[in-house]
Every structure is written in structure tokens, then in C-alpha cells.
Amino acid sequence: MSAATSTGKTPYYFVPGPSRHPVMAAIGLFFVMLGAGQWINDHDWGKYSLIFGLLWFFMVLKQWFGEAIRESEGGQYSNRIDASFRWSMGWFIFSEVMFFAAFFGALYWARVHSLPNLGSMENSLLWPDFKAIWPSTAAGFTASPAGTVEPFATMGPWPLPTINTALLLTSGVTLTVAHHALIAGNRGKTIAFMWLTVLLGVTFLCVQGYEYHHAYSELNLKLSSGIYGSTFFMLTGFHGFHVFVGMLMLLFITLRLQKGHFTKERHFGFEGAAWYWHFVDVVWLGLYMIVYWM
Amino acid sequence: MSAVLDNHGHAGHGAHDHDHHDHHDHHAPSGWRRWVYATNHKDIGTLYLLFAFTMLMIGGVLALCIRAELFQPGLQFFNPELFNQFTTMHGLIMVFGAIMPAFVGFANWMIPLQIGASDMAFARMNNFSFWLMIPAAIMLVASFFMPGGAPAAGWTLYAPLTLQMGPSMDAGIFAMHILGASSIMGSINIIVTILNMRAPGMTLMKMPMFAWTWLITAYLLIAVMPVLAGAITMTLTDRHFGTSFFSPAGGGDPVMYQHIFWFFGHPEVYIMILPAFGIISQIVPTFARKRLFGYASMVYATASIAILSFIVWAHHMFATGMPVTGQLFFMYATMLIAVPTGVKIFNWLATMWRGSMTFEVPMLWAVGFIFVFTMGGFTGLVCAMAPIDIQIQDTYYVVAHFHYVLVAGSLFALFAGVYFWGPKWTGVMFNATRGKIHFWSSLISFNVTFFPMHFLGLAGMPRRYADYPIQFADFNMIASIGAFWFGFTQVYFFLFVVIPMMRGKGEKAPQQPWEGAEGLEWEVPSPAPFHTFEEPPKLNASATKVIG
Amino acid sequence: MKMMNAGVHQAEKRPGNLSTFRLQRLAQLTLAGGAALGAEAARAVNSLPGGPIVNAINLPPPVTRIAADQMWLHNFMLIICLVIFIAVFGVMFYSIFKHRKSKGAVSAHFHESVKVEIAWTVVPFIIVILMALPATKVVVAMKDTTNADLTIKATGYQWKWGYDYIKGEGEGIGFVSTLDPAQREMSNAGKPAGDDYLLKVDNPLVVPVNKKVRIITTASDVIHAWMVPAFGVKQDAIPGFVRDTWFKAEKTGDFYGQCAELCGKEHAYMPIHVKVLSAADYAAWVDGKKKELAAKADDPSKVWDQAALVARGEKVYAANCAVCHRPDGKGAGPVKPLDGSPVVLNDDKLKQVAVVLNGQNGVMPSWKQLSDTEIAAVVTFTKNNWSNKTGQVVQPAEVVAARK
Ligand code: HEA
Ligand code: HEA
Ligand code: CUA
Ligand SMILES: [Cu+2]
């Protein structure tokens, strides 16, 4: 371990004093959970609890992060804390990888095991008309074993997903340019490229929104379109949500840059968001190949 | 310090605002804020332990309801639906509410002390991990009072049965999401603390075993909790948003749920035992007055168990009808785990061998653990043999197996740890006689409860049954009697050991209550002061003593 | 049917509501206290040949090769584990007694030995390989379901088993096997009795002795498991998929098992009873059963009047639908109400027929296996019961058409 020594006024260990943020955030999430659970069971009041909880939660996060940022800018965080943040971000991204792994695993299992099984000789006892074709719809084939899924068309890689791939890849580049500019001390350029990155992220989301609209209105491809629709929307939707979160992170980093936060040497907040963005990017490449091409 | 920090002078911080300015003050915050706004690892550790104990009581009462119903054949008290809710909630509450948080409580208390750090790496997030569990626990317990009652699909929450559950299922799913988030944050905290906050000289291979086992456990948690979250998210969308992940009519597969669940579930059971191994590895050398035998191989064995745990999950699914190759692969892989686990057992024996042993209460529990856990390990191996498992899968044999490893394993190790470190936490010694009564009574009643379940399982009594053929009556009755005895023993423990210690009644504990104890936690006074190791200590060559 | 009703009434007391806790029973038990123990000892129950054995401590006597092999493996494991256990804990207790401080033991200083550590890694490794070898053979034999003489499909329903003889002697036979309602009532009353308590069914599965029987399992709603310990068979029945297993019973007689996968509230009440007959008896049974089925079969081209269909439908409803949709048709949880349901009230009769035939959104299973007459009857019943007064009548012939 790199043993950073305490420098000047920066404490060796940073231990914050008592804080009300954690418990407040937990209370917010309680209302989120309660509301969501009730709302999806047709209790309309759940909606209000959900919204209230979310607002509450984000208020708390704002205060919490605000405090952390002040501590950081106030020079409370030593190199050791910086290293802690690095480790934690790395492990957090690992947990996200595993979250995606569950959904990719589902896709793999459905295609490689369940589908052939459902269409096998043995299973013809149960689903005599079903042909195991992925995606599970095509002209002349039953859309799902029970025939309950309305016919739909699948989402190909061209053109929207490919445009999105280009957008994300470009955003990775602009982000890196911003990073280099920050290291070089060129704040103006950093900020400009950060805005560009955020904009690319937003564009990605808009294109994806349009893609969903297209799927629902023209392809008749829905969440309920059998296992194809389930995996398609779950994977791309979960990813889209991550793009949204990553975009927010970048946005806040950009705003902080404008306020003069971060230095050439120390800017882990920036780097953490960048790691996350690259992670989201890599997941997209996986999606692009596995969901859209294969 | 700067003006920036003065911004904190708003409501809620009140009198303790000065804490922000001076992180080196030595008096603890007081009143309810000390606990609710806690950022101190010891306080948070205490909160975790109290929470876990409460959940153990609730889960235990549910277990006793199960045992009361099964005392005799014929429905005695509950209808089968309610019975299934008890079984399900007992499993969930014990696993996610009692055992896991209890180990996190230990981690909070001990890891910073053991590695010479002032606190956990992220003190506020640490408290967040704790407070997240409260709403989740409320949601879980409250689900009994929702229309249709609590989830009743077993703690494994297999689809498609979960699709038939009422609204409480959704509450349960959200609660599990929150618990998962809590575990992940807690684990990140532990890993970062261990990797980044060790005092200079405390190299990884000098670290106490408890810290090591938690490092590996935390890694397992981060790897598998998200997978569970994925599985239950799919359940949620299948229930409400028209997806068909687990519904064959739309091309999905119920067995897919099981694969994803057990990819989480099997590592999960090692999550509940590795820290127990850590505690035992601290206690045995202490009371044998001899260094832990084979420290390095202990570390490697722990790591091997963790790695192997990822490739054995389908041993829970032998009866789902896997192809021959699948059955063989999972059977072999599972059996392999006996090897590193054996290494641990043998190392403990070798540590005792030619030591100079005494049998204070913690050591009794440790020896009891080794003895009874090994029995549970052997029955695990019996389960791992696919052809035998076809007979005993989903019978009481499995229930016996996992209570041997979970109750006599995890829970006994927790008790051992409470007796071992309790004096450090509270500053008073427990009453040794009462500790011994607690131990012997628990050990015997535990076996009375769970040993007959092996017979029941072999004879073919399925688990999760509210009623059973009369031929199974006698062993069930014995088990139920044992269960109540075991339960009341824990009440005794709470009333006559825990409460007095918490109220500071008893002999004052010396800084080092155990003659053979080594390690940094014994270098601070008892009870451990609010702040410890604010400046990194200078350590001797074996990193067990502070020399400056 | 009565059994189902019993279950349903039980359910009406709002499962999950803590008020179902029976206080008087608790009081009884507390009073009885130790007396209960005595009562237990006096309870007359005999081992059931082919079923549970009173206070058995090992696997049931095997009736197939596989079960015998499993038993052998289990005993083999038991012995090895016991030997290891005694060796390991012999050492531990020796050390505990000899190396204690009170006996003046002074601790030694060794704390590692690569040689020993390698030894106790390698030896257990070899032991587990030795264990795995015989197990491998059994796994392979167990999974070999080829060349069966008789193939039977076992379908798990909440909460009964459907059996269809699909290949071999008896092909075409099909029936449903449910728990004897009296058993369910005894259970509810808390007064169990009889050697075959909870195991008695109306129609046992009948198979010939010494013939390889392949069981194909599947389910219509949730996962169940078909298990018969004496045969060494346990196979999950998974909705939408088929799995298979096999047995070749070497003895005639009655053999019992129970559902071994949590499948909802009546999980404990869906036993399996297999009757193994000699070749001649089996042939006679097949003959009789076929005649019986032919006599009972409904003619799907018959035209019914509304009252007759409703009467028939009420029975079908009670037997199949009421457990989820409730006798009052109000449903519960994710189960949609039928009373006032837009699908039921729809002018297009075929909408509801399609839902019954194909299932819906994963909660409502497909009921294809019911006969055309039964489906016509139950749909007509729901369309004209409770507050539903559509006056619509669905004839079996319309169901026949809808199936296509
Ligand atoms: C703390 C928790 C814990 C632990 C440590 C274990 C440990 C093991 N478990 Fe267990 N298990 C559970 C908790 C645990 N289990 C739970 C909760 C379930 C049920 C879940 C459910 O369905 O609800 C379960 C179910 C379960 C099954 C599925 C049974 C079924 O549903 O049909 C199987 C099958 O292989 C299994 C195997 C094992 C094995 C091989 C080990 C091994 O790790 C044990 C290794 C230890 C030893 C073998 C003893 C010591 C070794 C020696 C002394 C060395 C010499 C020995 C030899 C060479 C033989 N377990
Ligand atoms: C993780 C740990 C854990 C622990 C500690 C326990 C502890 C116990 N368990 Fe449990 N058990 C599980 C995990 C655990 N269990 C799991 C995962 C399942 C599977 C669930 C499923 O199938 O889905 C299970 C299932 C299970 C079953 C099978 C149910 C079925 O299949 O239907 C049974 C039956 O006997 C049982 C019994 C017990 C008993 C008697 C205890 C005893 O050790 C409990 C002792 C009691 C106490 C510790 C409480 C003391 C309190 C009092 C006596 C009341 C006093 C009241 C106040 C002070 C207010 N458990
Ligand atoms: Cu069917 Cu359990
Ligand atoms: Cu396992």
C-alpha cells in the first residue's frame, strides 16, 4: 500500500462527525419502496408516496453530496481518502457488472437452453406447433409457445442502434479529451468538451426513446412480446437507465468544473464519473453485439 | 479551519457542530443523536448487533410457530397458507436479518480495531448501510399484515409460485433490493477499509484471520447480491409489467430463475460461514496459547472456498432434471469444497495440538462449533452426491443439513465471538457460569432439535409441509421439544448475559481479558474508547502489538 | 371435489390473517402439556408397506435397482464420514484432554508444516474422488430413460396429479389422482388417523411389475415434484417443460410418495400412490379402465341446455378454478375476479374460451387438459353465475372449434 503521510492540515484519516444524512436518506427510500409496492398493486396513493420519497431522497443526496464536496474542496481529503474513493468506485462498478450479468445470463439461458428445449421433440407433447427460432417470431412461426404473444418484428442493429453506438463511442473520446485538458490545466476546453459529452449522452437517450417509440408503435415490439421483448427491453432499458445516471454524474461534474472545483492533480470526482461512463460504454458494446446483431 | 465547514451550523447538527472542526476530540456525542446520526464504527457495530439480535428473536419466534404446528400431525394452530408464510419469512429473516447483519456488526466493531484504523473508510455510508435495513425489515415484517399475508413461496422465492403471491411479494422484493444495496455498500466499505486503511506494517499476510475472511466475504457479497437483485427484478416485471422471463407460455423458463437465484444463493451460504471461520480462527489460538497453525493455508483455503462457490450452484437443482454431464459437473465441483474446508478444520486441530488449552466460554463455543459444523459439512457432502440427493432433496434431511451449518455453524460462531469480544465492547466480564449454561444447554437442545430431522428426511418427509403422515410423528415431536428448549435458552442468554453486560454489570474487564490473546484490539482499553488509533500506531514485526 | 371445498373454506378464513391462529387449540395443548406426549406414544399407527415407516432412520427399503444403489451409496458415505469423524475428533478430544493448561501442558511453538498441510489437502482430495466414482455410475444409470416399456405423463396441478398413459400397454388411459377428501378434513380438524393418513388418493397410478416405466413430468401452474422414495425417484414437474425419469419396480404392492416442491398452500396434500401389479393383473386393469373411461366420456357434439351446462360447470369450477378464483369468483392477489370480469361478460364468447384454453400472463394457467364439455360447462357457468347474467351458452362443439 502506498502509505500517504499526513500533510499539513489534512488529517491522516478523515472521520466525519455525526451526520443525519444516512438516516434521512433511508427514510426517503422507505417511502419510495412503500409507494412503488402499493402503486403497482393498483393503490393509487402509492404514486404520491413514491414521488414524495424520491423528492425527499434527492434532497438528502443533494445535502449529503454538498457536504462531501465542501469537505473535499476544504482540503479535508488526503491522498488516502482519494485512494479509498478509487477503490470504492472500482468495486461499485464491479457490482454493476454483476447486475448486468444477471440479465445477460437470462438472455443466454433463454436462447441457448430454454428455447431449444421448448421446441424439442419431447416438448412437442406440450407445444406441438412451436418452432424454436430466435427471435421467437418470424413469418409462419408461432410467436410464443402458447401462441399468446401478438406477432411483432424484431429490432435490428440498423440504423438507430448503430447511430447510438457511434454517439457513445464519440462521447468516450470527448470525455478523454476533456480529461487531458483538465490535466493540462485548460479549464475552458475541459468544460466545453464536458458539455459536448453530456450532450452526446442526452442525444443517446433521445434516440433510444425514439427507438422504443418505434418499437411500440410500428414493430408491435413490447415488454410483453414474449421472452424476446422481455430481454430486449430489460437489457436496453437497464442500460439506458445507467446512461441516464452516468449523464447526470457528468453533468454535475461539469457544473462543479464551472464553479472552479478540481485541480490538475486531484480530481477523482471527475475520474470516477469518467470510469462509470466508460463502463456504461463497454456494456453498450456488449448489448450492441449480443442483443442487436446476434 | 475554513469557512466552508461553518456552513454546517444548521438544524440537526446542533451541539455537536464542533465535531466537524476537531476530529480528534475524545468525547462521544450523546443522546439519541449518537446512535441515529452515528458515524462511529463501534456505535454502528453495536446497532448492527442489536438489530440482528432482534431479528433473531423474530425469526426464532417464527421457527417456534413452525415447530409448534409440527409438534403433532394434523393442523394444530395455523392453516397451511400461514404456515408457508412462516417458513418463508423465517428463512428470509434469519438469513438477511439475523446472520448477515450480525457478521457485519462484528466487522464494524473489529476490523478497524484489528488493522489499526481509526474507523471505517466511509463512515457516513456505513451508517447508511445500517439505516437502510430498518425500512427493509419493517417492510418484511409488515407484510404479514398485508392483504393475502406475507410471501409464502419459500425463502428461495421460486417462480412461478411467486407470480401467484399477493402484494406483499412486491414489498418483499423491494425490501430485498434495499437489503442488497445495504450489503453492497457495507461490503465496499469493508474492502476499502481493509485494503486502504491498515496501519503501516500491517501487511495483508499479517492481518488477523477475521479481517481476511471478511475481505473475501465482502468480495463474494459484491459479486452475488446484484445477481439476486436481477433475479427478483425479473420476478417483479413478470408479475406486473407483462414480461415472460419465467413463463414458458411466452418462451421463458421457470428453471432460469433457479439458476440465477442459486448463482447468488450458494455463495450466500458461504457468506454466512466464512466470517464464522474467521472468528473461530481468532479464538482457537488464543485459548490454545499457540499461534494459528498454517496461517497462509487458511487464507488460501478461504479463497478457494470462495472461488469454488461460484461453480457449484446447481447442486440445489439436481431434481430439476439436468443432463448427466450437468449433474456430474456440479456433483464433482461441490465435493471439492470438502478439501479446503477440511484444511481449515485440520488447521484448527493442529493449532490445539500441543497447545496449553483452557476452556473459557468462547473456547467452548469454538470447540462446539468445530464439532457440530463438521457434522453439517458431512451431511452437505451427502447432499452433494447427486443420486443420494435425489432421495433427500426437499426433505427434512436438507433442513437438518443447513441448520447444522447455519445454527451450529454461523450462530454458534457468533455466540463465540460475543463472548470473546464482548468484554472489549462493554468493559465488563460476563458471568462465566451463565455462559457455560448457555453453551451446554444450546449444544444439547440444538442436537435434540435437528438431529432427528436427518431421520425424517431419509424416511421421506418433505420440507415446507404443514402436516405430515403419522409415521413421522415421534421425531417431529422430539424436534419441537428441542426447538422450544433451544429458544428459551436464547432468551436466557439475552436476559442473563447480554442485558447485564450492556448495563455494565459485572466484573470490570481488563484490557486483555484472555491470557493468550494477541492482536491490536487488545492494545486498547476495555471498553474500547470512542476513538481509537486516530493516528496510525507503530507496530511490532508481527503486527500484533503497538510499540509507539 | 369435497377436498377442494375444504381447502377453499379454509382459504376463506383469509389465509395470512393472524386471526386464524386457533387460541383454543393452544390452550388445549398447554394444558395437555406432557399428557400430549403420552397420547402420542399411544397413537396407533403402523408402518405402511411401501410408504413411511414408523420412526424410520434410514431410506425406505428399495424396490428398484436405482433405489438400492442409492441406499448403498448412502451407507457407504455414512461409513466413510463416520470413520473420518471419529478419526478427526479422536485427535481433537485427545488433544483437548492431554494438552490443557490445567494438566501442566506448555504450548509448543510450531505453526506450520508444508508437508503436513499438503498431506491433508491431498488425502481428502483422494477420498472425495473415491466417493465420486460409484456415484458417477449411479448418476449415469439414473438418467438413462431410453427403451422404456411404458411411458406415462405425470402432470402436476395445484393440487393433484394427472396421469396420461402415452405409450405402451394402456396407451390412451388418462385420469386425475387427488387426495381423499376425508384426509384433508381430518387434517383440518387436527385429528389425523389411519396408516395412510394424507397418502390416500382416489385413483392410484397403476403400473406393471418388472417393466421399465418412464415418467414424463410436467405441470400446469407452478413447479411440483413427483417423488416415490421406494423407487428412488424424484423429478421436478416444471410448467411448460417436460422432464423425465424412470423406474422398474421389482415388487408388486402399493408405494407412496408426496409432492416435493413447494407449490402453494395445499403442497402437503398432493400425494402420489403407485400400485404395482403383476403383468396379468395389469392387463386386466387396463381393460377395465378403458371400458370405464369410454363409458364416462362425453360426446363433444352433444348439444346441452343452459341449466345442465351450468350444473356441470359448477362442479368443474369447484374442482379446478375455485382454489384461485375463490368460490365467490372474486379472485385474490394477482388472480383476477371472474365476477364482473370484462372478459367473462364480453359479447364475444370465444374471448373467455381462449383464456381458459391458453392461459394468460403467467398467472392463469392453460386448461387445455379439460375436456371440451368441461370447458364449455365451466365457461357457461361463470357467464351465468354471481352477478354475471349474460345468458350466453357455450357448447362443446364451439370449444372443439376454438382449440384449432
Ligand atoms: C453456512 C451455510 C452452509 C454451509 C457452510 C454449507 C456447506 C455445504 N453444503 Fe449446504 N446448504 C445450506 C447452507 C450451507 N451449506 C443451505 C441453507 C442449504 C439449503 C438451501 C435451501 O434449499 O433452502 C444447503 C443445501 C445444500 C445442498 C442442496 C441440498 C438439496 O436441496 O437437495 C447441497 C448439495 O450438494 C449442499 C452441499 C454442501 C456442501 C458439500 C458443503 C460443504 O461446504 C461442506 C464442507 C465441510 C465438510 C465436508 C466437513 C469438514 C471437512 C473435513 C473434516 C475434511 C475431510 C472430509 C472429507 C474428505 C469427506 N448444501
Ligand atoms: C439462517 C439461520 C437460521 C437459523 C438461526 C434458524 C433457526 C431455527 N430454525 Fe430454521 N430455517 C432457515 C434458517 C435458519 N433457521 C432457513 C433458510 C430455512 C428454509 C426456509 C424455507 O424453506 O424457505 C429454515 C427452515 C426451518 C424449518 C423448516 C420449515 C419447513 O420446511 O416448513 C424448520 C422446522 O423445524 C426450522 C426450525 C428452526 C429452529 C427451531 C430454529 C432455532 O434455532 C430458533 C431458535 C429460537 C430463537 C433463537 C428465538 C428465541 C426466542 C423466543 C423463544 C421467544 C421469546 C420471545 C421474546 C423474547 C419476545 N427452520
Ligand atoms: Cu405440488 Cu407441492
Ligand atoms: Cu449450496
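Colleague: How do you know that Tyr270(B) makes a polar contact with an oxygen atom of ligand 1?

Modeller: An N or O atom in the Tyr270(B) side chain is 2.7 Å from that oxygen, and a polar contact is a pair of N or O atoms within 3.5 Å. Some ground rules: this is a predicted model, where local features need pLDDT of at least 70 and side-chain atom pairs pLDDT 80 or more, while totals for chains, interfaces and linings use all residues. Residues are numbered from 1 along each chain as written, chains are lettered from A and ligands numbered from 1 in the order written, and side-chain values use heavy atoms, without hydrogens and water.

Colleague: What else makes polar contacts with ligand 1?

Modeller: A side-chain N or O atom of His401(B) is 2.9 Å from a nitrogen atom of ligand 1. Ala384(B) uses a backbone N or O atom, 3.2 Å from an oxygen atom of the ligand.

Colleague: And what does the protein offer the iron atom of ligand 1?

Modeller: A single donor, NE2 of His401(B), 2.1 Å away. That counts because donors are N, O and S atoms within 2.8 Å of the metal (3.2 Å for Na, K and Ca), and since water is not among the atoms, sites may look incomplete. His401(B) sits in helix α16 of chain B, and the copper ion (ligand 4) is 4.6 Å from this iron.

Colleague: Why is the site of ligand 1 called shared?

Modeller: Its surroundings come from chains B and C, so the site is shared between chains. There are 33 residues around it, with Trp155(B), Tyr270(B), Asp389(B), His401(B) and Arg463(B) the closest; a residue is in if one of its heavy atoms lies within 4 Å. Helix α14(B) gives the most, eight residues, and α5 (114–142) of chain C is among the helices supplying at least two.

Colleague: What makes a stretch a helix such as α14(B)?

Modeller: Helices are DSSP runs of H or I, at least four residues, numbered from the N terminus. At residues 361–384, α14 of chain B fits.

Colleague: How do you know that the iron site of ligand 2 is octahedral?

Modeller: It has six donor atoms, with angles of 87 to 179° among them. Six donors count as octahedral if opposite donors are over 155 degrees apart and all others between 65 and 115. Of the protein, His90(B) and His403(B) coordinate that iron through NE2 at 2.0 Å. His90(B) lies in helix α5 and His403(B) in helix α16 of chain B, so the pair ties together parts 313 residues apart in sequence.

Colleague: Are those two, His90(B) and His403(B), buried or exposed?

Modeller: Both are buried, meaning under 20% relative accessible area with a 1.4 Å probe and protein chains only.

Colleague: What surrounds ligand 2?

Modeller: A shell of 32 residues, with Arg67(B), His90(B), Trp155(B), His403(B) and Arg464(B) the closest. A polar backbone atom of Arg464(B) is 2.6 Å from an oxygen atom of ligand 2, and a backbone N or O atom of Trp155(B) is 2.8 Å from an oxygen atom of the ligand. A polar side-chain atom of His90(B) is 2.8 Å from a nitrogen atom of ligand 2.

Terms used:
Four donors count as tetrahedral if all angles lie between 85 and 135 degrees; four count as square planar and six as octahedral if opposite donors are over 155 degrees apart and all others between 65 and 115; anything else is irregular. Buried means under 20% relative accessible area, exposed over 50%, partly exposed in between (1.4 Å probe, protein chains only). A polar contact is a pair of N or O atoms within 3.5 Å; within protein, one must be able to donate a hydrogen and the other to accept it, and residues adjacent in sequence count only if both atoms are side-chain atoms.
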